[in-house]
Amino acid sequence: MDTLTRIRAFIDVVEAEGFSAAARKTGRSKALLSKYVRELEDELGALLLNRTTRQFSLTEAGHTYFRTASDILKEIDNLADLVRENNADLKGKLKVTVPRTFIDADVGQSLIDFAKENPQISLEIVAEDRFVDLIEEGFDLGIRITKLDDSGMIARKLSDFQVYACATPAFVAENGPLTHPSELSRVPFLIDTNSRSHNSLRFVDTNGENISVSVTGPIEVNSPLATLRAARAGMGIAMIPDFIARPHIASGELVSLFDDFIAKDRGIYAVYPHRRYLPAKVRALVDYLHAWFKRYS
């Protein structure tokens, strides 16, 4: 039995969080998986798993081995994908992390369209509003809406992005005139707690200098869709992503404020770990998303 098979068995067990679950997932018997892991431990001369009838956990050596072995297996699989790329259809599992706002909005259709056109790819979409470590958590690709910092990741810009300060015409008429961001401190504001700043908003003046404005209001919620609903109800002003706000601004239901002071330094990016051999399926998804946004933006 070769070492690679034993390593795959060990990784299957860890990812499934147990021998029984791994056996169901892989179609191999629990006894066979246990045999492979035991042989790997004998080969290494180190215990990788603590296992009792009720408990399953990685040893310190197991944690170290799992992280490195997972990366090595990905490189091996990616190299095989690269060699087969011109002679095989795209297939396999593709794990993607996206902001919940993205997948719930119209732009989320981009991923659905890709899955529809590539039925042999199993697309696992995980919607998270927190920062996700792609390597640590085993993601092939991430969609990020941000001012991209240098993170050691490879990034491709899919689209420009900005937010709009939105309110109903009736709210503006009642609380106006509103001509400068500093005036936000005196009116009800609908706070999306997904924002890094929460109660402090950043704008940019005509000289490129940052303006910071403290805001308060009747609602704090980690959802721009919820702040959109509250703004449409006339409860205050909200900072809303452009791909959500545009239809409501176009219809006249909402108006945008302080457009000349909104920062234009953010975008929608496809981000993936720096790998020597980028899987064909990841490259295909990034290319598809880039073309999709170019067509529909």
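At 65% relative accessibility, Glu-17 sits above the 50% cut-off, so this residue counts as exposed. That value, like the others here, comes from a predicted model. Glu-17 belongs to the loop between H1 and H2, and its phi is near 65°, which is a positive value in a residue other than glycine.

There is another non-glycine residue to look at in the same way: Phe-258 has a positive phi of about 60°. You'll find Phe-258 in the loop between strand S13 (255-257) and strand S14 (266-272). Is Phe-258 buried or exposed? Its relative accessibility is 7%, under the 20% limit, so Phe-258 counts as buried. A glycine joins the list too, since Gly-27, just after H2, takes a positive phi of about 80°.

Now for the helix that follows the Glu-17 loop. Helix H2 covers residues 19-26, and its buried residues are Phe-19, Ala-22 and Ala-23. Looking down the axis of H2, you see these buried residues fall within an arc of 105°, so they line one face of the helix. On the face turned away from that buried side, H2 carries the exposed residues Arg-24 and Lys-25. What do the buried residues of H2 pack against? Their partners are two helices, H1 (3-16) and H3 (30-44), plus two strands, S1 (49-51) and S2 (56-58).

On to the helix pairs. Two packed helices are described by the angle between their axes and by the distance between those axes. Here are the two pairs that involve H1:

| Pair | Angle between axes | Distance between axes |
|---|---|---|
| H1 and H2 | about 110° | 8 Å |
| H1 and H3 | about 115° | 8 Å |

Take H1 and H2 to begin with. Angles of 65 to 115 degrees count as roughly perpendicular, and H1 and H2 therefore fit that description. Their crossing is right-handed. On the H1 side the contact is made by Asp-12, Val-13, Glu-15 and Ala-16, and on the H2 side by Phe-19, Ala-21, Ala-22, Lys-25 and Thr-26. By class, the residues of this contact of H1 with H2 split into 5 nonpolar, 1 polar and 3 charged. Two names from the buried set of H2, Phe-19 and Ala-22, turn up in this contact, and so does Lys-25, one of the exposed residues on the face turned away from the buried side.

As for the other pair, H1 passes H3 in a left-handed crossing. H1 brings Thr-3, Thr-5, Arg-6, Ile-7, Ala-9, Phe-10 and Val-13 to the contact, while H3 brings Leu-33, Tyr-36, Val-37, Glu-39, Leu-40 and Glu-43. The contact of H1 with H3 has 8 nonpolar, 2 polar and 3 charged residues. Val-13 of H1 is named in the contact with H3 and also in the one with H2.

One last stop, at Ala-61. This residue lies in helix H4, which spans residues 60-84. With a relative accessibility of 35%, Ala-61 lies between the 20% and 50% cut-offs and so counts as partly exposed. Which residues does Ala-61 contact, leaving aside its neighbours within four places in sequence? Those are Leu-47 and Leu-48. For a sense of distance, Ala-61 and Asn-210 are 149 residues apart in sequence, and their C-alpha atoms are 48 Å apart in space.

How values were computed:
Residues numbered from 1 in each chain as written. Predicted model: local features only at pLDDT ≥ 70, side-chain atom pairs only at ≥ 80, totals over all residues. Heavy atoms only, no water. Buried < 20%, exposed > 50% of the residue type's maximum accessible area, 1.4 Å probe, protein only. Helix = DSSP H or I, 4+ residues; strand = E, 2+ residues; numbered from the N terminus. Arc of directions from axis to C-beta. Contact = heavy atoms within 4.5 Å. Axes fitted to C-alpha atoms, helices over the stretch in contact; angles between N-to-C directions. Parallel < 35°, antiparallel > 145°, perpendicular 65-115°, else oblique. Left-handed = near helix turned anticlockwise from the far one by under 90°. Nonpolar A, V, L, I, M, F, W, Y, C, P; charged D, E, K, R; others polar.
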